[in-house]
Amino acid sequence: MNTAPQTRVAVAVVTGASSGIGKSVAKALVMRGWRVIGVGRDAARCAAAAAELRALTADAQVEMIRADLSLLSEAARAARDIAARSDRIDVLVNNAGGVGKQLVMTAEGNEATFAGNHLGPFVLTRCLLPLLRKTAAVSAPGAVRILATSSEGHRYCPGMDWDDLQHTRNFTTGGAYTSAKLANVLFTIELAKRLAGDGIVAHAMEPGVVLDSNFVNHADDSMQRYMATQDDRAVSSDDAAKTLVYLATAEEPGHGSGGYYRECQPLAAAAPALDAAAAARLWRESETLAARAGIAFTDPE
Ligand SMILES: NC(=O)c1ccc[n+]([C@@H]2O[C@H](COP(=O)([O-])OP(=O)(O)OC[C@H]3O[C@@H](n4cnc5c(N)ncnc54)[C@H](OP(=O)(O)O)[C@@H]3O)[C@@H](O)[C@H]2O)c1
């Protein structure tokens, strides 16, 4: 077991906890006695999820924070809100995301799929690193973890397009999504490298085809048609969440970092997702885009 919970109640931040896989992760951790700080976007779904999670046990510790992570200012504000509520984070689950119906540019000038799936989680994670490092300093090596819900869809992206990183010139919903999911794995391997000295591990995972979440409802017609053909291999949100819960709580994932998992087993990610130079460049490009939104980071390089 992850050794972090032994002295204090372990704290998980779970993004996308208002629905689907993230809500299932939150439920499983609450049932294990963890305090869960969920991040969600839609107000009604956040309220319903908070009520459902609090009803799980008599002493459930659940808070929900609302933030649209496609806005970097909101991601930074959510991080401040989390840091004001808790003096530790044992596990950060960057799960929020999905595919859109069309090209949407945010008020900050970013493409919403890239921003919601990668840039916002990048900002949230960077802003929470001081708290994660503080927790790691009083925890066993490997106990503090940063997890990402990626997708096998990352295999459809041949590599980050540095000339059109946000796919705004040649936009397709699927192209933007698969690139953002590739970014999830690249960010994970860069985190693993940078945080090795702190004893913090980072892993990405893919949940499988999940049809009982809201994913399909946010997607465009072509993705909806594709997902409808995948019914025979679909898994439930609760089953998909098992890999994230395993990565959060089991001992084995604490012994390595930078992994990519499916069904609680390591899996080889596609070659472009393992490109260390691309991972380093994505970090720098993301930092530049964050700076454009007025966000500076205090964590050491
Ligand atoms: N379903 C699948 O087959 C599948 C396959 C591979 C990967 N995934 C990935 O799994 C993750 C979870 O998806 P799911 O299937 O559980 O779908 P879901 O039910 O739609 O859950 C997505 C969660 O993320 C939140 N979210 C999305 N965009 C956000 C944003 N910009 N800011 C803040 N929160 C945001 C949603 O909030 P709202 O409640 O406000 O919408 C919701 O809580 C996603 O990263 C998705 O890409 C899913």
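This passage describes the surroundings of the ligand, one helix, and several individual residues in a predicted model.

The ligand is surrounded by 30 residues, and the closest of them are Ser18, Ser19, Arg45, Tyr177 and Ser213. By class, this shell comprises 15 polar, 10 nonpolar and 5 charged residues. Polar atoms of the protein approach the ligand at several points. In the side chain of arginine 41, an N or O atom is placed 2.8 Å from an oxygen atom of the ligand. Aspartate 68 has a polar side-chain atom at 3.0 Å from a ligand nitrogen atom. At phenylalanine 215 the approach involves the backbone, of which an N or O atom is 3.4 Å from an oxygen atom of the ligand. Of the 880 Å² of accessible area that the ligand has on its own, 97% is covered by the protein. The elements contributing two or more residues to the shell are helix 1 (20–31), helix 5 (173–195) and helix 6 (215–218).

Serine 18, one of the closest residues to the ligand, is situated in the loop between strand 1 (11–15) and helix 1. Serine 18 has a relative accessible area of 12% and is therefore buried, the limit for this class being under 20%. The C-alpha atom of serine 18 is separated by 24 Å from that of alanine 250, a residue 232 positions away along the chain. Strand 1 itself contains threonine 15. With a relative accessibility of 1%, threonine 15 also counts as buried. Between threonine 15 and alanine 180, which are 165 residues apart along the chain, the C-alpha separation is 16 Å.

Helix 2 was examined for its length and for the placement of its buried residues. The helix comprises 12 residues (43–54), for which a rise of 1.5 Å a residue predicts a span of 16 Å; the C-alpha atoms at its ends are 16 Å apart, so the expected and modelled values agree. The buried residues of helix 2 are Cys46, Ala49, Ala50 and Leu53. These residues lie on the same side of helix 2, because the arc they cover around the axis is only 105 degrees. In general, an α-helix has 3.6 residues a turn, so residues three or four places apart point the same way.

Two residues other than glycine were noted for a positive phi. In histidine 167 the angle is near 55 degrees, and in glutamate 263 the angle is near 50 degrees. Both residues belong to loops: histidine 167 is in the loop between strand 5 (144–149) and helix 5, while glutamate 263 is in the loop between strand 7 (259–262) and strand 8 (265–266). Their accessibilities place them in opposite classes. Histidine 167 is counted as buried because its relative accessibility is 14%, whereas glutamate 263, at 62%, is exposed.

A further loop, between helix 3 (72–85) and strand 4 (91–94), holds arginine 88. Arginine 88 has a relative accessibility of 7% and so counts as buried. The side chain of arginine 88 forms a polar contact of 2.7 Å with the side chain of aspartate 90.

Two additional residues illustrate other degrees of exposure. Alanine 271 is located in the loop between strand 8 and helix 9 (276–292). Its relative accessibility of 61% makes alanine 271 an exposed residue. In sequence, alanine 271 is 23 residues from alanine 248, and their C-alpha atoms are 25 Å apart in space. Tyrosine 226, by contrast, occurs within helix 7 (residues 221–228). The relative accessible area of tyrosine 226 is 36%, and the residue is therefore partly exposed. A C-alpha separation of 37 Å lies between tyrosine 226 and isoleucine 89, which are 137 residues apart along the chain.

Terms used: Residues numbered from 1 in each chain as written. Predicted model: local features only at pLDDT ≥ 70, side-chain atom pairs only at ≥ 80, totals over all residues. Heavy atoms only, no water. Near = heavy atom within 4 Å. Polar contact = N/O pair within 3.5 Å; in protein donor to acceptor, adjacent residues only side chain to side chain. Areas by Shrake-Rupley, 256 points an atom, 1.4 Å probe, with all protein chains shown as cover. Helix = DSSP H or I, 4+ residues; strand = E, 2+ residues; numbered from the N terminus. Nonpolar A, V, L, I, M, F, W, Y, C, P; charged D, E, K, R; others polar. Expected span 1.5 Å × (residues − 1). Buried < 20%, exposed > 50% of the residue type's maximum accessible area, 1.4 Å probe, protein only. Arc of directions from axis to C-beta.
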